[in-house]
Amino acid sequence: MRTADPIQTDARDDRTRPAAGRPASDVGDAPQVVILAAGMGTRLGRSLPKPLTPLMDGRSIMQQQLDGIREVFGPAAPVTVVVGYRSKRIMRAQPDLLYAFNPDFASTNTSKSLLRALRTSAPGGVLWLNGDVVFDPAVLDQTRAFVAADQSFVCVDTATVAEEEVKYTLDADGFIVELSKGVVGGLGEAVGINYVSAADKPVLVEHLAACSDTDYFERGMETAIQQAGVRFRPLDISRFSAVEVDFESDLERANTWLSSRSALGPLDDELR
């Protein structure tokens, strides 16, 4: 049974698009951003690294992510990409980014990729994304106030609770208490966009280091919550699109959303 509701923001929908070019200084400096892109992406069945998968609008998944980051947080937002599988292809495609290398990409999971990124990050909180999420930039727009307040959070979709996805439950105060694919009675799905505050980062690093090689980073978050009292807020982004592309059907859903957004583009511009 739900004990508390995820955070709902009062930002205007604006046809699901934030105002282009709005400076990050509205809510503070742009956060450090990490994109986890070391995996082999075997379930999608492509030879390219999954973040380089082309979308219907001609961009790659990673380019769509970077465009959203820059639209919301400004062009100077620092972005580090954790690479592994066919890393040179990604680095050639995006030569102006910072990179961390996971040499054990074939035998480790996202817990170890995130660990490498957090250990080498600058002081302060970190916003991180799975490298296969196609999302409306409005999702990041919803995070701005919480990033500025340095509040750890997990972006969640309460509209769906699929068995194979990472799910969550809440404690009596409305903070996440369980976070894994094995959660029973989940209140929604984590969409792969998360933030850890400056204060919580050292604890998360410790718990990621204790994870097994095959653990997802959510395992480190969950043990940090349950054993060290770290508090992650659920940030409900259900009214916006965020598709984690694991299978061909996911890619089709992402492209369907992009196609519909493209069709609404001129109307969006008129409404601003």
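Me: What makes β1 a mostly covered strand?

Reply: In this predicted model, 6 of the 6 residues of β1 are buried. Gln32, Val34 and Leu36 point one way from the strand, Val33, Ile35 and Ala37 point the other way, and all are buried.

Me: Which strands pair with β1, and in what sense?

Reply: β1 pairs with β4 in the parallel sense over 5 bridges. Another 5 bridges join β1 to β2, and these two strands also run parallel. At least two bridges are needed for two strands to count as paired, so the 5 bridges from β1 to β4 meet the requirement, and so do the 5 from β1 to β2.

Me: Which residues serve as examples of bridge partners here?

Reply: Leu36 of β1 has Asn130 of β4 as its partner. Val33 of β1 is bridged to Val79 of β2.

Me: How do you know whether Gln64 is buried or exposed?

Reply: The relative accessible area of Gln64 is 3%. Buried means under 20%, so Gln64 is called buried. Gln64 is found in helix α1. Leaving aside its neighbours within four places in sequence, Gln64 is in contact with Leu55, Arg59, Val133, Val134, Phe135, Trp257 and Leu258.

Me: Why is Asp104 called partly exposed?

Reply: Its relative accessible area is 37%. Partly exposed covers what falls between the buried limit, under 20%, and the exposed limit, over 50%, so Asp104 belongs in that class. Asp104 lies in the loop between β3 (98-101) and α3 (110-119). Tyr85 is 19 residues from Asp104 in sequence, and their C-alpha atoms are 9.3 Å apart in space.

Me: What makes α3, the helix that follows this loop, mostly covered?

Reply: Of the 10 residues of α3, 8 are buried. They are Thr110, Ser111, Lys112, Ser113, Leu114, Leu115, Ala117 and Leu118.

Me: What covers the buried residues of α3?

Reply: The cover includes the strands β1 (32-37), β2 (79-83), β4 (126-130) and β9 (189-196). It also includes the helices α5 (201-210) and α6 (217-228).

Me: Which residues of α5 are buried, and what covers them?

Reply: The buried residues of α5 are Lys201, Leu204, Val205, His207 and Leu208. Their cover includes β1, α3, β4, β9 and α6.

Me: Why is Ala190 placed in its burial class?

Reply: Ala190 has a relative accessible area of 8%. The limit for buried is under 20%, so Ala190 is buried. Ala190 sits in strand β9. With neighbours within four places in sequence left aside, Ala190 is in contact with Val154, Cys155, Val156, Val166 and Leu179. From Ala190 to Ser180 the separation is 10 residues in sequence and 8.9 Å in space, C-alpha to C-alpha.

Me: Why are α1 and α4 called oblique to each other?

Reply: The axes of α1 (residues 61-73) and α4 (residues 137-148) cross at roughly 40° and come within 9 Å. Roughly parallel needs an angle under 35 degrees, and roughly perpendicular runs from 65 to 115. The angle of roughly 40° meets neither condition, so the pair is oblique. The crossing of α1 and α4 is right-handed.

Me: Which residues make the contact between α1 and α4?

Reply: α1 contributes Gly68, Ile69, Glu71, Val72 and Phe73, while α4 contributes Pro137, Leu140, Asp141, Thr143 and Arg144. By class, 5 are nonpolar, 2 polar and 3 charged.

Me: How do you know that both faces of β7 are covered?

Reply: Strand β7 (residues 167-170) has Lys167 and Thr169 on one side, and Tyr168 and Leu170 on the other. All of these are buried.

Me: How do β7 and β8 pair, and what lies between them?

Reply: β7 and strand β8 (residues 176-180) pair in the antiparallel sense over 4 bridges. Thr169 stands opposite Glu178 in β8. The two strands form a hairpin with 5 residues between them. Gly174, in the turn, has a positive phi of about 90°.

Me: How many helices and strands does the chain have, and what share of its residues is buried?

Reply: There are 7 helices and 11 strands. Of the 272 residues, 53% count as buried. Among contacts with a separation of 6 or more, 75% are between residues 24 or more positions apart.

Notes: Residues numbered from 1 in each chain as written. Predicted model: local features only at pLDDT ≥ 70, side-chain atom pairs only at ≥ 80, totals over all residues. Heavy atoms only, no water. Buried < 20%, exposed > 50% of the residue type's maximum accessible area, 1.4 Å probe, protein only. Contact = heavy atoms within 4.5 Å. Axes fitted to C-alpha atoms, helices over the stretch in contact; angles between N-to-C directions. Parallel < 35°, antiparallel > 145°, perpendicular 65-115°, else oblique. Left-handed = near helix turned anticlockwise from the far one by under 90°. Nonpolar A, V, L, I, M, F, W, Y, C, P; charged D, E, K, R; others polar.
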